[in-house]
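Thanks for passing this one along. Here are my notes on its side-chain contacts, set out as numbered points so that you can check them one by one against the model.

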Amino acid sequence: MKKITFLAFLLATLSSNAQVLSEDFSSGAQGSTWPNGWSTAGSNGNWVVGSTTNTGVPAWGGGAGMVSGGCDGLYALLDSDGLGGGSSQNASLVSPVMDLTGYTNLIVKFNHHFRVYTANAEYGYVEGTIDGGTTWENITTFTGPSEYTTEGLVGFDISTLAGNPAVQIRFRYVGSWGYYWGIDNIEVIDEQPPQTVFERLQGNVYRQIETPEDCGTCEEEINYYMFSAEGLRIIGTEYDGTCEQDDFTAFGTGDGEGEIVTNTTQEFEVCVGTIFCQTITFTSAAEDEIQFDFPFFGQTWTAQLYEGEVPCIDTAGIIDNEFNNVKMFPNPTNGYLNFTTNSNENIDVQIFDILGKSVLRLENVRNSVDISELKSGVYFVQIVLGTEKSTKKLIVN
């Protein structure tokens, strides 16, 4: 059950800045009337104004799904299940025209519930146009295996549409007698895309103890996980006092990436291939604990944030050790790093990216160093002072 790599994309809470568009469909009328310049286009079983008070539409538990996805009262509904067999759909819900002249950092966010009946046969597209619909740019696509569901509050960067005087967003459903897609609380906001939990956790190390009771036949072992650009990896494992360095997974592709199949504000599920899936839950606001849930095996493992030295790891697992009062600031930074120490000696500095690759090396550093050539992201700064060595986590904006 060990050596499983995960890919996380959990959307953080979004805060408003300059609001360009806001629509909750509350001024429409169930069944037909679209408010505020919204329109529909396409063929067969088109979008309608739905209501969460009508629990029978859509069928097969769809009403409850809309509520759990954050739809409230009136909302936009595409009920493919109600279409019947033998018909296909390519139906769009189109926003009013927005003047985005003068805007630069734009996101679109909305609550939704999207469910697939046949694997990779139903698609939900979010698209944008700046030329009246002649061409459409894909913003994101929803699809997945049979019974795939994604729901909740989501948000996407649409800054490529900014600066144009006539912009529209559309939600386009393509399928054939599938399930449904409900959308509510649509907003276009001028702000930087929010940092996801996954982005905030890059560089964090978690320690999890697996007992013989957990895995049935294995000996006790301690796994060390780290969030990297690829996902969540096991980077070190202890077996009864011995250890090995891991930078791979026994499942999945060569880089060990898993496919996200759900994404909510509390937990996310990732799959390796099409067989093995599990849920990761963040169990505290401080993100100092994560929980691996294996419903099929009736098991739950817990891993806690770990800031000590990871066995067998030379760089990526050693975080924020202090020696000789060496201080590094500011952190996060966007161009320069300053160092202070109570030693009279200069220090040597080497910076590694999230995968452990050296990206910058500086010798005889005393005070400030220029790191403006580094791209935004998480790094590890290894500091050498005489015979002592420490590695600190660094965030570059």
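1. A salt bridge here means a side-chain nitrogen of Lys or Arg within 4 Å of a carboxyl oxygen of Asp or Glu. By that rule, Glu147 and Arg115 form a salt bridge, their closest N and O atoms being 2.5 Å apart. The two residues come from distant parts of the chain, 32 residues apart: Glu147 is in the loop between S8 and strand S9 (149-157), and Arg115 is in strand S6. Strands (E, at least two residues) and helices (H or I, at least four) are DSSP runs, numbered from the N terminus.

2. A word on the basis of these notes. The model is predicted, so please keep the thresholds in mind: local features need pLDDT of at least 70, side-chain atom pairs count only at pLDDT 80 or more, and totals for chains, interfaces and linings use all residues. Residues are numbered from 1 along each chain as its sequence is written, and side-chain values use heavy atoms, leaving out hydrogens and water.

3. Are the partners in that first bridge buried or exposed? Arg115 is buried, with a relative accessible area of 17%, whereas Glu147 counts as partly exposed at 40%. The cut-offs are under 20% relative accessible area for buried, over 50% for exposed, and partly exposed in between (1.4 Å probe, protein chains only).

4. Arg115 also has an aromatic contact: its charged end sits over the ring of Tyr179, 3.9 Å from the ring centre. For a charge to sit over a ring, NZ of Lys or CZ of Arg must be within 6 Å of the ring centre and within 35 degrees of the ring normal.

5. How many salt bridges are there by this rule? The count comes to four. One of them joins Glu187 and Lys109, with the closest N and O atoms 3.5 Å apart. Glu187 lies in strand S11 and Lys109 in strand S6 (residues 106-115), so this pair ties together parts that are 78 residues apart in sequence. Glu187 is buried at 14% relative accessible area, and Lys109 counts as buried at 7%.

6. Arg170 is worth a look too. Its side chain meets that of Glu127 in a salt bridge (2.6 Å, N to O). Because Arg170 lies in strand S10 (residues 168-175) and Glu127 in strand S7 (residues 123-129), the pair ties together parts 43 residues apart in sequence. Both Arg170 and Glu127 are buried. Bridges with shared partners join Glu127, Arg170 and Arg172 into one network. In addition, the charged end of Arg170 sits over the ring of Trp136, 4.1 Å from its centre.

7. Now the rings. The structure holds 14 aromatic pairs. Rings of Phe, Tyr and Trp (its six-membered ring) pair if their centres lie within 6.5 Å; planes under 30 degrees apart count as stacked, over 60 as edge-to-face and the rest as tilted. Phe25 and Trp38 have ring centres 5.5 Å apart and planes at 65°, so they are edge-to-face. Both lie in the loop between strand S1 (18-23) and strand S2 (39-43), 13 residues apart, and both are buried.

8. Phe142 and Trp181 are also edge-to-face, at 6.0 Å centre to centre and 70° between the planes. This pair links strand S8 (residues 137-142), home of Phe142, with strand S11 (residues 180-190), home of Trp181, across 39 residues. Phe142 is buried at 6% relative accessible area, and Trp181 is buried at 0%. Ring pairs link them into a cluster with Trp47, Phe110, Phe114, Phe156, Phe171 and Tyr173.
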